[in-house]
Amino acid sequence: MTEIRELLLRRIRDVADYPEPGVMFKDITPLLADPAAFTALTDALAEIAERTGATKVVGLEARGFILGAPVAVRAGLGFIPVRKAGKLPGATLAQAYDLEYGSAEIEVHAEDLTAGDRVLIVDDVLATGGTAEASVQLIRRAGAEVAGLAVLMELGFLSGRARLEPALSGAPLEALLTV
């Protein structure tokens, strides 16, 4: 796993002062452009899906779609997008959550998750944990079980893990990298 971590880290680019002054943005587009790194990432996340006994993968808009869909394919599972409010046609379940300045809402198609599903949530970054926590609540409201949460990178200094662990109720939270 150390080799994979090093490969992934080498392909993540720091962009200073983006999207605003004082922020060091972690750009994963070089990782996605490198077939070896993207394959290693997909394999590592698919192994987590298999280990947790997931039956479906949920990807959080938008980079969670890029990571979660190939993980679902690799693991032989279905993929469910969790989108920003108003982006899905048909009947949806919605979950509101608070942001630092304001609030947001995410949605999932109501029929895509059932009581027999064990769901692995996949995203690129765990920051403050607000979106991930809302997705946990949304999955449970749909009647499914949360098998775990897997991210490429955890920004440890933002304490998202401390916020999420109570909501996960013992389901694993796995970050391939912590920065």
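## Sheet, packed helices and largest pocket

Helix 6 (residues 160-168) lies across strand 5, strand 7, strand 8 and strand 9, and its direction runs at about 160° to strand 9. The model described here is predicted. A second helix, helix 1 (residues 2-10), also packs on the sheet. Helix 1 touches strand 8 and strand 9, and its direction makes about 60° with that of strand 9.

The sheet itself is open and has 7 strands in the order 5-6-4-3-7-8-9, with mixed pairing. Strand 5 and strand 9 (173-178) each have a single partner strand and stand at the edges, so one side of each is left without a neighbour in the sheet. From one strand to the next, the twist averages 20°. Strands of a sheet pair through backbone hydrogen bonds, in either the parallel or the antiparallel sense.

Three of the pairings are set out below.

| Strand pair | Sense | Bridges |
|---|---|---|
| Strand 5 (residues 92-99) and strand 6 | antiparallel | 8 bridges |
| Strand 4 (residues 78-84) and strand 6 (residues 102-109) | antiparallel | 2 bridges |
| Strand 3 (residues 56-60) and strand 7 | parallel | 4 bridges |

Individual residues can be placed within these pairings. Leucine 99 has glycine 102 of strand 6 as its bridge partner. Also in strand 6, glutamate 107 is the bridge partner of arginine 83. Strand 6 is thus joined to strand 5 by 8 bridges and to strand 4 by 2 bridges. In the parallel pairing of strand 3 with strand 7, lysine 56 stands opposite valine 119 of strand 7.

The largest pocket holds about 1300 Å³ of space. Its lining comprises 38 residues, of which Arg63, Val125, Ala127, Thr128 and Leu155 are the closest to the pocket centre. By residue class, the lining divides into 22 nonpolar, 5 polar and 11 charged residues.

Which elements supply the lining of the largest pocket with at least two residues each? Among the strands they are strand 2 (24-27), strand 4, strand 5, strand 6, strand 7 (118-126) and strand 8 (145-154). Two helices, helix 4 (63-75) and helix 5 (130-141), also supply at least two residues each. The largest share, 4 residues, comes from strand 7.

Strand 7 therefore recurs in several parts of this description: helix 6 lies across strand 7, strand 3 pairs with strand 7 in the parallel sense, and strand 7 gives the largest share of the pocket lining.

Note on methods
Residues are numbered from 1 along each chain as its sequence is written. This is a predicted model: local features need pLDDT of at least 70, side-chain atom pairs count only at pLDDT 80 or more; totals for chains, interfaces and linings use all residues. Side-chain values use heavy atoms; hydrogens and water are left out. Two strands pair if DSSP finds at least two bridges between them. On a 1 Å grid over the protein atoms alone, a cavity is a set of points where a 1.4 Å probe fits but cannot get out, and a pocket is an open set with protein on both sides within 12 Å along at least five of seven lines; lining residues have an atom within 4 Å of a point. Grid points are joined across faces, edges and corners, and a volume is the space filled by probe spheres set on the points. Ala, Val, Leu, Ile, Met, Phe, Trp, Tyr, Cys and Pro count as nonpolar, Asp, Glu, Lys and Arg as charged, and the others, Gly among them, as polar. Axes are lines fitted to C-alpha atoms, for helices over the stretch in contact, and angles run from 0 to 180 degrees between N-to-C directions. Contact means heavy atoms within 4.5 Å.
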